[in-house]
Amino acid sequence: MSRDPLVVGHVVGDIVDPFVTNASLRVLYNSKEMTNGSELKPSQVLNAPSVQIGGRDMRTLYTLIMVDPDAPSPSNPTKRENLHWLVTDIPETTNASFGNEIVPYESPRPTAGIHRFVFILFRQSVRQTTYAPGWRANFNTRDFSQIYNLGSPVAAVYFNCQRENGCGGRRCIR
């Protein structure tokens, strides 16, 4: 049985194929670093996080994708993978604000169940023109990687999020 949190959390399998982590990816919401499986509330993730990529060579570029593989609900993910953010050309040693935002950040707002929100980082071989997909629902990270020759991911991290002050997916009766 694997102890890799990306395997345990079904990120590997549902979104990406097995890969070797060989880049430093830090995701911080409100100056608090997120770890795999962190529990965050929608109110904590309203604004785009600070995404930092470690390294020493600013000529090395990365693409960052954020998806929700559990949309609209984990029991019926008919919109898997919902695209929440896409940034390309992020120089190593910097953060995502130095990249080219192709799809603007959309804050997580799950309505039913516990959703995984996954950040996947790819090392780019070249700077290239990347086009925004015409939709957010049913984005496919594997297909995107193949179209733009990104290869396997170099890092990934995810957090869990569910509706705040809710009663599951049912209407509250007071």
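Two strands count as paired here if DSSP finds at least two bridges between them. Keep that in mind for the first view, and note that everything shown comes from a predicted model.

**View 1. The six-stranded open sheet.** Going across the sheet, the strand order is β3-β9-β8-β5-β6-β7, and the pairing is mixed. The edges belong to β3 and β7 (100-103), and each of these has a single partner strand, so one side of each is left without a neighbour in the sheet. As background, strands of a sheet pair through backbone hydrogen bonds, either parallel or antiparallel.

**View 2. Strand β9 and its two neighbours, β3 and β8.** How do β3 and β9 run relative to each other, parallel or antiparallel? Strand β3 (residues 38-39) is joined to β9 by two bridges, and the two run parallel. On this side, Glu-39 has Asn-160 of β9 as its bridge partner. With β8 the story is antiparallel, and the pairing extends over seven bridges. Here Leu-121 finds its bridge partner in Ala-155 of β9.

**View 3. The side chains of β9, buried on both faces.** How many residues of strand β9 (residues 155-161) are buried? Seven of the seven are, so the strand is largely enclosed by the rest of the structure. In a regular strand the side chains alternate between the two faces of the sheet. For β9, one set is Ala-155, Val-157, Phe-159 and Cys-161, pointing one way, while Ala-156, Tyr-158 and Asn-160 point the other way. Whichever set you look at, the residues are buried.

**View 4. A salt bridge between Arg-80 and Asp-14.** The structure holds eight salt bridges, and this view picks out the one between Arg-80 and Asp-14, where the closest N and O atoms are 3.7 Å apart. It links distant parts of the chain: Arg-80 is in the loop between β5 (61-68) and β6 (82-91), Asp-14 is in helix α2 (residues 11-14), and 66 residues separate them. Buried or exposed? Neither label fits Arg-80, because its relative accessible area of 29% makes it partly exposed. Asp-14 is partly exposed too, at 25%.

**View 5. Arg-116 and Asp-70, and the network around them.** The closest N and O atoms of this salt bridge are 2.7 Å apart. Arg-116 sits in strand β8 (residues 115-124) and Asp-70 in the loop between β5 and β6, so the pair ties together parts that are 46 residues apart in sequence. Both ends are tucked away: Arg-116 is buried at 9% relative accessible area, and Asp-70 is buried at 4%. Through shared partners, salt bridges join Asp-14, Asp-70, Arg-80 and Arg-116 into one network.

**View 6. The salt bridge between Asp-57 and Arg-59.** The side chains of this pair meet with an N to O distance of 3.1 Å. Asp-57 counts as partly exposed, with 26% relative accessibility. Arg-59 is exposed, because its relative accessible area is 73% and the cut-off for exposed is over 50%.

**View 7. The one cavity of 30 Å³ or more.** Rolling a probe the size of a water molecule over the atoms shows where empty space is left. A search of the whole structure turns up one cavity of this size, with a volume of about 30 Å³. Which residues line the largest cavity? They are Thr-63, Thr-88, Gln-124, Gln-128, Thr-130, Phe-144, Tyr-148 and Leu-150. By type, the lining has five polar residues, three nonpolar and no charged.

Technical notes
Residues numbered from 1 in each chain as written. Predicted model: local features only at pLDDT ≥ 70, side-chain atom pairs only at ≥ 80, totals over all residues. Heavy atoms only, no water. Salt bridge = Lys/Arg side-chain N within 4 Å of Asp/Glu carboxyl O. Helix = DSSP H or I, 4+ residues; strand = E, 2+ residues; numbered from the N terminus. Buried < 20%, exposed > 50% of the residue type's maximum accessible area, 1.4 Å probe, protein only. 1 Å grid on protein atoms, 1.4 Å probe; cavity = no way out; pocket = protein on both sides within 12 Å on 5 of 7 lines; lining within 4 Å. Points joined across faces, edges and corners; volume = space filled by probe spheres on them. Nonpolar A, V, L, I, M, F, W, Y, C, P; charged D, E, K, R; others polar.
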